[in-house]
Amino acid sequence: MEKKEFITIRIWKETKDKLEDIRIKEMLKNKKMVSLAQTIEILIKEYDKHSK
């Protein structure tokens, strides 16, 4: 495996794990299913709040 592929896979795994953590927290908080797309939207909204 090339170093570039390894780094890409590692970054994806870390990102996926963080997204899954956020998704689970949101589901527990709101008691409803949250899709990956909704999780990304939540992150974008949080980023927008903090960047203002």
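This passage walks through two helices of a predicted model and the pocket that they line.

A good place to start is helix H1, which covers residues 3-30. Its 28 residues should span 40 Å at 1.5 Å a residue, and the 41 Å that separates its end C-alpha atoms agrees with this. Leu19, Arg23, Glu26 and Met27 are the buried residues of H1, and their packing partner is H2. Just after H1 comes Lys31, with a positive phi of about 55°.

Glu26 is a helpful residue for seeing how the parts meet. Glu26 belongs to helix H1 and has a relative accessible area of 14%; because the limit for a buried residue is under 20%, Glu26 counts as buried. Leaving aside residues up to four places away in sequence, Glu26 is in contact with Lys31, Val34 and Ile42.

The second helix, H2, runs through residues 36-51. Two of its residues make a friendly pair to look at side by side. Thr39, in helix H2, has a relative accessible area of 0% and is therefore buried. Beyond residues up to four places away in sequence, Thr39 touches Leu19, Ile22, Arg23 and Val34. Gln38, also placed in helix H2, has 38% relative accessibility and so counts as partly exposed. From the C-alpha atom of Gln38 to that of His50, twelve residues further apart along the chain, the separation is 19 Å. As background to such patterns, an α-helix has 3.6 residues a turn, so residues three or four places apart point the same way.

Attention now turns to the open space in the model. Rolling a probe the size of a water molecule over the atoms shows where empty space is left. The largest pocket holds about 200 Å³ of space. Helices H1 and H2 are the elements that give two or more residues to its lining. With six residues, H2 gives the most. The lining consists of Glu26, Lys29, Asn30, Lys32, Val34, Gln38, Glu41, Ile42, Lys45, Glu46 and Lys49. By character, seven of these residues are charged, two are polar and two are nonpolar.

Some residues already met return here. Glu26, Val34 and Ile42 are among the lining residues of the largest pocket, and Glu26 touches both Val34 and Ile42. The partly exposed Gln38 is also part of the lining. Val34, another lining residue, is in turn one of the contacts of the buried Thr39.

How values were computed
Residues numbered from 1 in each chain as written. Predicted model: local features only at pLDDT ≥ 70, side-chain atom pairs only at ≥ 80, totals over all residues. Heavy atoms only, no water. Helix = DSSP H or I, 4+ residues; strand = E, 2+ residues; numbered from the N terminus. Buried < 20%, exposed > 50% of the residue type's maximum accessible area, 1.4 Å probe, protein only. 1 Å grid on protein atoms, 1.4 Å probe; cavity = no way out; pocket = protein on both sides within 12 Å on 5 of 7 lines; lining within 4 Å. Points joined across faces, edges and corners; volume = space filled by probe spheres on them. Nonpolar A, V, L, I, M, F, W, Y, C, P; charged D, E, K, R; others polar. Contact = heavy atoms within 4.5 Å. Expected span 1.5 Å × (residues − 1).
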